[in-house]
Amino acid sequence: MTAIYKRELKTFFTTVTGWLFIAAHICLAGLYFFAINLLSGYSNVGQSFSSILFLLLLSTPILSMRMLAEERKQKTDQLILTSPVSIGGIVAGKYLAMATVFTIPVAVMALFPLILSRYGTVPMGESYTALLAYYLFGLTCLAIGLFISSITESQIIAAVLSFALLFVGYMMSSITGLISQTGNLLTKILNAYNFTDRLDAMVEGTLNLKSVLYFVTLIIVFLFLTVQSIQKRRYQ
């Protein structure tokens, strides 16, 4: 797993993908931080984090699209599958490499409340709870993107399908609202894949352990599905 992790992490920083991902997040987060918090004087940094959640829908599919799709297209996946590393180790190594790249801009964003505190009182708990929601949502998006990358050999298809799946989860509240205003069995089933209802309370500063558990569970489920997808191809 360590070898896979190091190789993937090195690839991110020897190509423009990793650098562009980090730069896009830091620049956009910094822009909203300047406009909402520094310029307008709003003390809760969570509003800035909430405003850039849409960026994850666009950027994480680009980061994850090549992880397994490219291996499959170049036929190098056969070398990995016959290596002594377990399938779970391969998936974990690739996922942790993406998570490391994502953690870098999040670590920079963690400085925003500290910077703002020099100019007044900042609700630290609410601000860092919102950042936790952003981080968990991003890690979930990466897990979903990795799974989609495992079922196709086209990077473009992987990126498009990942974006579509993430967008559906992000808009599920609106979709279920169109189906039924009062709720029914179908909307209850669909709401199992509803991101916004779990994000709203946390980005507003309320730590919800059920929401944390929800995103952690989604990450585990999609990583498990990725392992099964690779395992199925290995035996075929």
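**Exercise 1. The salt-bridge network**

R7 counts as partly exposed, at 36% relative accessibility; list the salt-bridge partners around R7 and state which residues end up in one network.

The model is predicted: local features need pLDDT of at least 70, side-chain atom pairs count only at pLDDT 80 or more, and totals for chains, interfaces and linings use all residues. Residues are numbered from 1 along each chain as its sequence is written, and side-chain values use heavy atoms, with hydrogens and water left out.

Step 1. Fix the terms. Buried is under 20% relative accessible area, exposed is over 50%, and partly exposed lies in between (1.4 Å probe, protein chains only). A salt bridge needs a side-chain nitrogen of Lys or Arg within 4 Å of a carboxyl oxygen of Asp or Glu. Helices are DSSP runs (H or I, at least four residues) numbered from the N terminus.

Step 2. Start from R7. Its partner is E8, with the closest N and O atoms 2.7 Å apart. At a relative accessible area of 1%, E8 is buried.

Step 3. Follow E8 to R66. Here the closest N and O atoms are 2.9 Å apart. This pair links distant parts of the chain, 58 residues apart: E8 is in helix α1 (residues 2–14) and R66 in the loop between α4 and α5 (69–74). Both E8 and R66 are buried.

Step 4. Follow E8 to K94. The closest N and O atoms are 2.6 Å apart. E8 in helix α1 and K94 in helix α7 are 86 residues apart, so this pair also links distant parts of the chain. K94 counts as buried, at 1% relative accessibility.

Step 5. Join the results. The count is three salt bridges, and shared partners put R7, E8, R66 and K94 into one network.

**Exercise 2. Aromatic rings**

How many aromatic pairs are there, and how are the rings of F102 and Y135 arranged?

Step 1. Apply the rule. Rings of Phe, Tyr and Trp (its six-membered ring) pair if their centres lie within 6.5 Å; planes under 30 degrees apart are stacked, over 60 edge-to-face, the rest tilted. The count comes to 14 aromatic pairs.

Step 2. Classify the pair. F102 and Y135 are stacked, at 5.5 Å centre to centre with 10° between the planes. F102 belongs to helix α7 (residues 87–109) and Y135 to helix α9 (residues 124–150), and the pair links distant parts of the chain, 33 residues apart.

Step 3. Check exposure. F102 is buried, at 0% relative accessible area, whereas Y135 is partly exposed, at 23%.

Step 4. Look for clusters. F137, Y170, Y193, F195, Y214 and F215 form one aromatic cluster.

Step 5. Add charges over rings (NZ of Lys or CZ of Arg within 6 Å of the ring centre and within 35 degrees of the ring normal). R198 lies over the face of Y214, a ring of that cluster, at 4.0 Å from the ring centre. R66 lies over the face of F12, at 5.2 Å from the ring centre.

**Exercise 3. Helix α13**

Which residues of α13 are buried, and why do they line one face of the helix?

Step 1. List them. In α13 (residues 195–203), the buried residues are F195, T196, L199, M202 and V203.

Step 2. View down the axis. The buried residues of α13 fall within an arc of 130°, so they line one face of the helix. The arc covers the directions from the helix axis to the C-beta atoms.

Step 3. Look past the end. Just after α13, G205 takes a positive phi of about 110°.

Terms used
Helix = DSSP H or I, 4+ residues; strand = E, 2+ residues; numbered from the N terminus.
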